[in-house]
Amino acid sequence: MASGGDGAEAPGGWRVLVVGGGIAGLGAAQRLCRHPAVQHLRVLEATARAGGRIRSERCFGGVVEVGAHWIHGPSQGNPVFQLAAEYGLLGEKELSKENQLVETGGHVGLPSVCCTSSGARVSLELVAEMASLFYGLIDQTREFLHAAETPVPSVGEYLKKEIGQQVAGWTENEETRKLKLAILNTFFHVECCLSGTHSMDLVALAPFGEYTVLPGLDCTFSGGYQELTNCIMASLPKDVMIFNKPVKTIHWNGSFQEDAFPGEAFPVLVECEDGSRLPAHHVIVTVPLGFLKEQQNTFFDPLLPAEKAQAIKKIGFGTNNKIFLEFEEPFWEPGCQLIQVVWEDTSPLQDTAPSLQAAWFKKLIGFLVLPPFGRSVHVLCGFIAGLESEFMETLSDEEVLLSLTQVLRKVTGNPQLPAPKSVLRSCWHSAPYTRGSYSYVAVGSTGDDIDLLAQPLPVDDTSTQLQILFAGEATHRTFYSTTHGALLSGWREADRLMGLWDLQSQQPRPRL
């Protein structure tokens, strides 16, 4: 057999390589390894661990999520939830019918306490009022999906236009009006974290409603999200995973011959950074979009078709990082779950260039209180998105700790507040094989670009079929940015391949 598309099965079965050992790659491999036509299956992972952007670390005497944090929409339509339940990784509360029926609309819950940057407590009624206004407008943005045209290009511009009209009708004193705008500004920053973007002005308005929110109250894994990817990995045959194996270039649309396979030619050859050359009939690429944006010109030979290359450039991919702070004693009250910080004298209606050096921390939305890891281990998890988040990655741990100690002393109004014992943070933008956190549909792109990214190569069906397939969260039109989108995309590409093989096995072999 000269190639995989001539109606005949490879003499010894198919050779398939999966590039990337995140949940998309692991999901694809788990499905493929059960198919009898697969003779050789390998997952090439660039780093020393599987899971990709699912990354749980043992720290502070417990487990913290450096990457994916929640199962978003844990209900029957969510394959991550179903798999986690199957593997016995969720508790009674997470599995309860009540939990699965909660409709959050994709919005974050209200804080337990809200403080200004100078230490004043903000009334939770006022926060709830602003949340209701903001999330009501977010819900409205989803209604432009099938509109003939949109009033403005971005979600951010739409929100600001509507808020500007609301402000004109506010009758409170100047101080209260300024506080309300500062609270709304925090909600803009929360939405930046959810969308993985620097600014909501970068997020396209028309396609925003295509993202689908599943029912269920977002939940976590008590033993760490990575338990899930570890379970998938454990189900694979022993030799499938290859770690510390970064890929340099995928050569495709060729007829590659290797000494180890005399008389056989392969349409794809994967060249690794260590110099090894691995021939394959099919390659599933599951690397993050951030990596593709940076490396696509050297990662594929020949270059990707212009349309796909453009889609990679157009779809958004930003950074959302976490900063964990460990304390010996909690300064927050028992039962507190979320501390919101409102930065005074900020407003979504004022366009201010970020002063990264002096005020990067003003993009912080506040701190999630993690369940205590022991009697004297109390941990807060701060969230920060965008360019400020990327700037934070360039600082030392000491600089981050110092800045946040000063912030917390001001927020609590306690200049003697003990500094955190230690800090741990994610640095997703600096990670060479990730280059950010997750995707969003940017101004200038649509869901069609996501479908273009997901389209296998070569595009025409006349030559060897399905040489390169694409999976990963950025290839799922309605669940982009999620772990369930990533897992579904891996399954989708595995099913696509198996469908081709099953079709070919039914076709008569060509006469010689």
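Colleague: What is the strand order in the open sheet of six strands?

Modeller: This is a predicted model. Its open sheet has mixed pairing. The order is β5-β16-β17-β18-β15-β19.

Colleague: Which strands stand at the edges of the sheet?

Modeller: Look for strands with a single partner strand, because one side of each is then left without a neighbour in the sheet. Two strands fit, covering 113-116 and 422-425. They are β5 and β19.

Colleague: How many degrees does the twist average from one strand to the next?

Modeller: The twist is taken from strand to strand along the sheet. Its average is 20 degrees.

Colleague: In which sense do β5 and β16 pair, parallel or antiparallel?

Modeller: Strand β16 spans residues 338-342, and four bridges join it to β5. Across this pair, T116 stands opposite V342. The sense is parallel.

Colleague: Which helix packs on the sheet and touches β5, β15, β16 and β18?

Modeller: The helix spans residues 174-195. Its direction makes about 120 degrees with that of β16. It is α7.

Colleague: What angle does the direction of α12 make with that of β18?

Modeller: Helix α12, residues 386-393, also packs on the sheet. It touches β15, β18 and β19. The angle with β18 is about 125 degrees.

Colleague: Why are the buried residues of α8 on the same side of the helix?

Modeller: In α8, residues 226-234, the buried ones are Q226, L228, T229 and I232. They lie on the same side because their arc around the axis is only 155 degrees.

Colleague: What covers the buried residues of α8?

Modeller: The cover includes one strand, β3 (56-59). It also includes the helices α1 (23-32) and α2 (79-86). So among the covering elements are α1, β3 and α2.

Conventions:
Residues numbered from 1 in each chain as written. Predicted model: local features only at pLDDT ≥ 70, side-chain atom pairs only at ≥ 80, totals over all residues. Heavy atoms only, no water. Pairing = 2+ DSSP bridges. Axes fitted to C-alpha atoms, helices over the stretch in contact; angles between N-to-C directions. Contact = heavy atoms within 4.5 Å. Buried < 20%, exposed > 50% of the residue type's maximum accessible area, 1.4 Å probe, protein only. Arc of directions from axis to C-beta.
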